[in-house]
Amino acid sequence: MSAIPPFSRLVTDAMTRRGLGLRELCRQAKLDPSFLSKVLAGKRNPPAEQEVLRRIAAVLETDAVELFVAAGRIPEEWRNLTTNGDLLRRVDAIANSGHPRKHI
């Protein structure tokens with residue numbers, strides 16, 4: 001038996017907290033229930049479109065960044081991480097408990 005993907009776990013836990021079924025989540029987030037059902041079952045990848053992920057997060061009243069990470073995506077507004085070395089070093093230091101690696 002395979003492990004539940006992080007995105008599926010996050011979404012299903014939030015659905016439970018909010019008392020939402022799949023169809024109601026999809027209605028509010030303007031998604032195809034068949035698609036999301038396959039995603040939650042691990043048969044399809046999470047949505048790649050940022051707007052879709054933001055709509056899901058809004059309906060579920062969950063942190064959009066956490067949902068992005070669970071989906072394996074990086075928010076568009078974080079593009080600076082790929083072009084700003086100083087910013088990347090600071091993020092790396094935080095991610096590594098204040099101990100930046102020398103190769104970054």
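Glu61 is exposed, with a relative accessible area of 61%. In this predicted model, that residue makes a good starting point for a tour of the charged pairs. Its partner is Arg18, and their side chains meet in a salt bridge with an N to O distance of 3.5 Å. This pair joins distant parts of the chain: Glu61 sits in the loop between α4 and α5, Arg18 belongs to helix α1, and 43 residues separate them. Arg18 itself, at 31% relative accessibility, counts as partly exposed.

The structure holds four salt bridges, and the table lists three pairs, including the one just described.

| Pair | N to O distance |
|---|---|
| Glu61 and Arg18 | 3.5 Å |
| Glu77 and Arg54 | 2.9 Å |
| Asp86 and Arg90 | 3.3 Å |

Glu77 and Arg54 also link distant parts of the chain, 23 residues apart, with Glu77 in the loop between α5 and α6 (85-95) and Arg54 in helix α4. Arg54 is partly exposed at 29% relative accessible area. Asp86 and Arg90, on the other hand, both lie in helix α6, four residues apart, about one turn of the helix. Both ends of that pair are partly exposed: Asp86 at 41% and Arg90 at 48%.

Now for the nonpolar side. The largest nonpolar core has 24 residues, of which Phe7, Val11, Leu36, Ile56, Leu60 and Leu67 touch the most other members. Two or more residues each come from α1 (6-18), α2 (22-29), α3 (33-40), α4 (50-60) and α5 (64-70), and α4 gives the most, with six. Which residues does Ile56 contact, leaving aside neighbours within four places in sequence? They are Phe7, Val11, Ala29, Leu31, Pro47 and Leu67.

Methods. Residues are numbered from 1 along each chain as its sequence is written. This is a predicted model: local features need pLDDT of at least 70, side-chain atom pairs count only at pLDDT 80 or more; totals for chains, interfaces and linings use all residues. Side-chain values use heavy atoms; hydrogens and water are left out. A nonpolar core is a set of buried Ala, Val, Leu, Ile, Met, Phe, Trp, Tyr and Cys residues joined through side-chain atoms within 4.5 Å. Buried means under 20% relative accessible area, exposed over 50%, partly exposed in between (1.4 Å probe, protein chains only). Contact means heavy atoms within 4.5 Å.
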